[in-house]
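Student: Hey, got a minute to go through this model with me? I'd like to start with charges and rings, then wander a bit.

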Amino acid sequence: MIATQAKLVYQLNKYYNERCQTRKAAIAKTIREVCKVVSDVLKEVEVQEPRFISSLSEIEARYEGMEVISPNEFEVVLYLNQMGVFNFVDDGSLPGCAVLKLSDGRKRSMSLWVEFITASGYLSARKIRSRFQTLVAQAVDKCSYRDVVKMVADTSEVKLRIRERYVVQITPAFKCTGIWPRSAAQWPMPHIPWPGPNRVAEVKAEGFNLLSKECYSLTGKQSSAESDAWVLQFSEAENRLLMAGCRKKCLSILKTLRDRHLELPGQPLNNYHMKTLLLYECEKHPRETDWDESCLGDRLNGILLQLISCLQCRRCPHYFLPNLDLFQGKPHSALEAAAKQTWRLAREILTNAKSLDKL
């Protein structure tokens with residue numbers, strides 16, 4: 001048994017050093033290429049409208065605010081200034097979303113974003129995005145990369161297609177630090193020892209982001225409340241939770257397996273699903289010794305089996321916001337196909353570690 005485990009860990013490390021590192025290097029190269037274009041577009045936007053200041057900056061060879069959705073799809077979060085005169089209202093009526101309401105009607109004129117405030121005092125995510133979209137469309141025509149970049153049509157999101165190969169979504173956002181959303185108040189569960197009080201305090205201080213984008217939990221329920229609402233995002237908090245042990249290596253292997261074998265019609269699975277299930281696995285195995293290199297095979301198998309279960313039940317709850325289902329709106333047939341394909345993958349890895357050479 002131990003010999004089998006050791007063999008699997010050896011093969012997974014080999015897979016990580018060959019496949020995952022190759023994927024990382026290719027994505028890093030793409031990010032540099034993509035960020036040159038996006039920075040140029042955002043510079044143009046800033047000239048027209050100084051309130052939209054580019055927050056895309058390179059820190060130690062990493063771009064702050066850049067999320068990799070898949071090897072050809074990225075999201076750049078553009079942090080806006082001065083949220084000060086608004087209260088954060090999160091009453092759970094819109095799963096995964098919250099609104100920003102003027103703290104005092106008399107402060108309307110003091111806001112940097114005065115023309116985007118609705119009659120009832122909400123800062124409208126849709127109105128800000130709509131203005132930003134117009135500015136980006138103009139910037140694309142003027143920027144020095146105009147031959148290789150164009151806007152993606154038929155969406156209220158701000159998306160650029162670069163060199164016909166990459167899609168980058170640019171999302172205006174506010175950073176919220178020092179507060180924690182009421183809809184995530186159940187975290188951490190009192191009976192679960194992970195991640196421990198110190199790490200919890202760090203994560204909560206890190207805060208979350210409010211993004212101006214279409215909220216997939218509300219598609220089909222188009223209402224004014226939805227269009228004014230902001231989407232909650234916890235990427236910094238999630239990354240902080242995954243820092244120790246073999247967690248990041250495990251995530252890297254999961255992402256590589258997904259990119260190579262689970263990119264299916266209807267796009268049932270993305271890398272965020274993998275990250276979410278890894279966080280749940282951390283709760284199931286709260287001891288740091290459970291995340292030693294020697295346990296990598298067990299953790300990976302546990303996550304793949306949990307993924308099959310979620311796909312079969314057609315439900316994958318968000319880690320911090322369990323009322324939000326990350327499979328909402330995904331075609332049932334696509335989830336079923338993904339369950340079958342994940343089972344084939346898990347069975348192959350479980351029964352024959354050497355199969356990783358071919359995966």
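Tutor: Sure. A cut-off to begin with: a charge sits over a ring if NZ of Lys or CZ of Arg is within 6 Å of the ring centre and within 35 degrees of the ring normal. Also keep in mind that this is a predicted model.

Student: OK, so which ring does Lys 101 lie over?

Tutor: Tyr 122. Lys 101 is over the face of that ring, at 4.9 Å from the ring centre.

Student: And what about Arg 299, which ring does its charged end sit over?

Tutor: That would be Trp 291, with the charged end of Arg 299 at 5.9 Å from the ring centre.

Student: Let's do ring on ring. How many aromatic pairs are there?

Tutor: The structure has 15 aromatic pairs. One of them is Phe 52 with Phe 132: the centres are 5.0 Å apart and the planes are at 35 degrees, so this pair is tilted.

Student: Where do those two sit in the fold?

Tutor: Phe 52 is in the loop between helix H1 (2-48) and strand E1 (57-59), while Phe 132 belongs to helix H2 (residues 125-142). The pair therefore ties together parts that are 80 residues apart in sequence.

Student: Is Phe 52 buried or exposed? And Phe 132, buried or exposed?

Tutor: Phe 52 is buried, at 1% relative accessibility. Phe 132 is buried as well, with a relative accessible area of 0%.

Student: Got another pair for me? What's the geometry of Trp 187 and Tyr 319?

Tutor: Their ring centres are 6.5 Å apart and the planes are at 70 degrees, so that pair is edge-to-face. Trp 187 lies in the loop between strand E9 (166-176) and helix H3 (197-206), and Tyr 319 in the loop between helix H8 (296-313) and helix H9 (332-351), so the contact ties together parts that are 132 residues apart in sequence.

Student: And how accessible are they, starting with Trp 187?

Tutor: Trp 187 has a relative accessible area of 2%, so it counts as buried. Tyr 319 comes out at 3% and is buried too.

Student: Which residues do ring pairs link into a cluster?

Tutor: The cluster is made of Phe 88, Trp 180, Trp 187, Phe 208, Phe 234, Tyr 280, Tyr 319 and Phe 320. So the edge-to-face rings, Trp 187 and Tyr 319, are both members of that cluster.

Student: Switching to backbone. Which peptide bonds are cis?

Tutor: The bond from Trp 187 to Pro 188 is cis, with omega near -5 degrees. The bond from Trp 194 to Pro 195 is cis too, with omega near 5 degrees. Pro 188 is in the loop between E9 and H3, and Pro 195 is in that loop as well.

Student: Why bring those up at all?

Tutor: Because most peptide bonds are trans, and most residues other than glycine have a negative phi.

Student: On the phi side, then, what is phi for Arg 163?

Tutor: Near 50 degrees, a positive value in a residue other than glycine. Arg 163 is in the loop between strand E8 (159-162) and E9, and at 33% relative accessibility it is partly exposed.

Student: And what's the phi of Arg 314?

Tutor: Positive again, about 60 degrees, and Arg 314 is not a glycine either. Arg 314 lies in the loop between H8 and H9 and is partly exposed at 35% relative accessibility.

Student: New topic: how many cavities of 30 Å³ or more does the search find?

Tutor: Just 1. About 40 Å³ of space lies in the largest cavity, and its lining is Gln 11, Lys 14, Tyr 15, Glu 18, Arg 19, Leu 356 and Asp 357. By class, that lining has 2 nonpolar, 1 polar and 4 charged residues.

Student: What about the second largest pocket, how much space is in it?

Tutor: About 200 Å³. It has 15 lining residues, and the closest to its centre are Thr 4, Gln 5, Leu 8, Asn 301 and Leu 350. H1, H8 and H9 each give two or more residues to the lining, with H1 giving the most, 5 residues. The lining splits into 6 nonpolar, 7 polar and 2 charged.

Student: Last one. What does UniProt place at residues 246-343?

Tutor: The UniProt record, an unreviewed entry, places the feature "domain: Mab-21-like HhH/H2TH-like" there. In this model, residues 246-343 are 60% helix and 0% strand, and the end C-alpha atoms are 23 Å apart.

Key
Residues are numbered from 1 along each chain as its sequence is written. This is a predicted model: local features need pLDDT of at least 70, side-chain atom pairs count only at pLDDT 80 or more; totals for chains, interfaces and linings use all residues. Side-chain values use heavy atoms; hydrogens and water are left out. On a 1 Å grid over the protein atoms alone, a cavity is a set of points where a 1.4 Å probe fits but cannot get out, and a pocket is an open set with protein on both sides within 12 Å along at least five of seven lines; lining residues have an atom within 4 Å of a point. Grid points are joined across faces, edges and corners, and a volume is the space filled by probe spheres set on the points. Ala, Val, Leu, Ile, Met, Phe, Trp, Tyr, Cys and Pro count as nonpolar, Asp, Glu, Lys and Arg as charged, and the others, Gly among them, as polar. UniProt positions are given in the numbering used here, feature names are shortened, and annotations may be inferred rather than shown by experiment. Helices (H or I, at least four residues) and strands (E, at least two) are DSSP runs, numbered from the N terminus. Rings of Phe, Tyr and Trp (its six-membered ring) pair if their centres lie within 6.5 Å; planes under 30 degrees apart count as stacked, over 60 as edge-to-face and the rest as tilted. Buried means under 20% relative accessible area, exposed over 50%, partly exposed in between (1.4 Å probe, protein chains only).
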